Amino acid sequence: MNYIRNMTQSNSRGTRIAHVGIAVHAIAELLPFYRDVLGLPEAPLDDSDGARIRGLTAGESLVELLEPEKADSPIGKFLDKRGPGIHHICFTVDDLDRTLDRCRAAGITLIDQEPRIGAEGKRIAFLHPKSTGGVLVELSEY
Ligand code: ZN
């Protein structure tokens, strides 16, 4: 664990929460709560992976409402299995390759063995929830 702690401290900008993805049946049902009641400004985001995405800015982080376009999309399957709720948490990291190496060294199961390009053109990778306390973790590079 000391190895991991030291590596983490060498990050120049530090790991931060980039966004929290929330699976919803209908964006229109939840948008008034986040936008109007909590007062989070909307942020333009592209749809991806068969999901309509609506972003809301919360400080340096985003809340992403994820609505399936089709039942057999990843979000559609998640809703079928677990119902609406938090789908994933995305952390921004300085160096995704090194972070994935640390995950491998720590025995974390990777969904993406190598980084891929995500919705915003950033390099991303997902970690399997079975090794992260039941939470689907997305890593995104600055
Ligand atoms: Zn995400």
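**Entry 1: zinc site**

I count as donors the N, O and S atoms within 2.8 Å of the metal; water is not among the atoms, so the site may look incomplete. The model I am reading is predicted.

I looked up the spacing of the zinc donor residues along the sequence and found H-x68-H-x49-E. I then asked which atoms these are. The protein donors of the zinc ion are His19 through NE2, His88 through NE2 and Glu138 through OE. They lie 2.0 to 2.1 Å from the ion. I placed two of them in the fold: His19 is in strand S1, and Glu138 is in strand S8, residues 136-141. The pair therefore ties together parts that are 119 residues apart in sequence.

Next I checked whether these two donors are buried or exposed. The cut-off I use for buried is under 20% relative accessible area. His19 has 6% relative accessibility, so I list His19 as buried. Glu138 has 8%, so I list Glu138 as buried too.

**Entry 2: largest pocket**

I looked up the volume of the largest pocket and noted about 1000 Å³. Its lining is made of 44 residues. Which of them are closest to the centre of the pocket? I wrote down His87, His88, Phe126, Leu136 and Glu138. Of these names, I already had His88 and Glu138 in my notes as zinc donors.

I also listed the elements that give two or more residues to the lining. They are S1, S3, S4, helix H3 (74-82), strand S5 (85-93), strand S6 (116-117), strand S7 (123-127) and S8.

**Entry 3: helix H3**

I went on to H3, one of the elements in the pocket lining. The buried residues I found in H3 are Ile75, Gly76, Phe78 and Leu79. They cover an arc of only 160° around the axis, so I place them on the same side of H3. I looked for what they pack against and found S1, S3, S4 and S5. On the face turned away from the buried side I noted the exposed residues Lys77, Asp80 and Lys81. Just after H3 comes Gly83, with a positive phi of about 80°.

**Entry 4: helix H2**

I repeated the search for H2, residues 27-37. Its buried residues are Ile27, Leu31 and Tyr34. Their arc around the axis is only 80°, which puts them on the same side of H2. I noted the general reason: an α-helix has 3.6 residues a turn, so residues three or four places apart point the same way.

The cover over the buried residues of H2 includes strand S1 (16-23), strand S2 (42-43), strand S3 (51-58) and strand S4 (61-68). The face turned away from the buried side carries the exposed residues Glu29 and Val37.

I also looked at the proline in this helix. Pro32 is found in H2, and its relative accessibility of 33% makes Pro32 partly exposed. The C-alpha atoms of Pro32 and Leu56 are 11 Å apart, with their positions 24 residues apart in sequence.

After H2 I found Gly39, whose phi is positive, near 80°.

**Entry 5: the loops on either side of S2**

Leu40 sits in the loop between H2 and S2. At 15% relative accessibility, I count Leu40 as buried. What is Leu40 in contact with, leaving aside its neighbours within four places in sequence? I listed Tyr34, Arg35, Leu56, Thr57, Ala58 and Val63. Tyr34 is also one of the buried residues of H2. I took one C-alpha separation here as well: Leu40 and Gly55, 15 residues apart along the chain, are separated by 9.3 Å.

Asp49 is in the loop between S2 and S3. Its phi is near 55°, a positive value in a residue other than glycine. I noted it because most residues other than glycine have a negative phi. Asp49 is exposed, with a relative accessible area of 52%.

**Entry 6: cysteines**

I searched for disulfides and the structure holds zero. Cys90 is in none, and the nearest cysteine sulfur, that of Cys103, is 13 Å away. The cut-off for a disulfide is 2.5 Å between the sulfur atoms. I checked the accessibility of both residues. Cys90 is buried at 0% relative accessible area, and Cys103 counts as buried at 11%.

Note on methods
Residues numbered from 1 in each chain as written. Predicted model: local features only at pLDDT ≥ 70, side-chain atom pairs only at ≥ 80, totals over all residues. Heavy atoms only, no water. Buried < 20%, exposed > 50% of the residue type's maximum accessible area, 1.4 Å probe, protein only. Helix = DSSP H or I, 4+ residues; strand = E, 2+ residues; numbered from the N terminus. Arc of directions from axis to C-beta. Contact = heavy atoms within 4.5 Å. Donors = N, O, S within 2.8 Å, 3.2 Å for Na, K, Ca; no water. 1 Å grid on protein atoms, 1.4 Å probe; cavity = no way out; pocket = protein on both sides within 12 Å on 5 of 7 lines; lining within 4 Å. Points joined across faces, edges and corners; volume = space filled by probe spheres on them.
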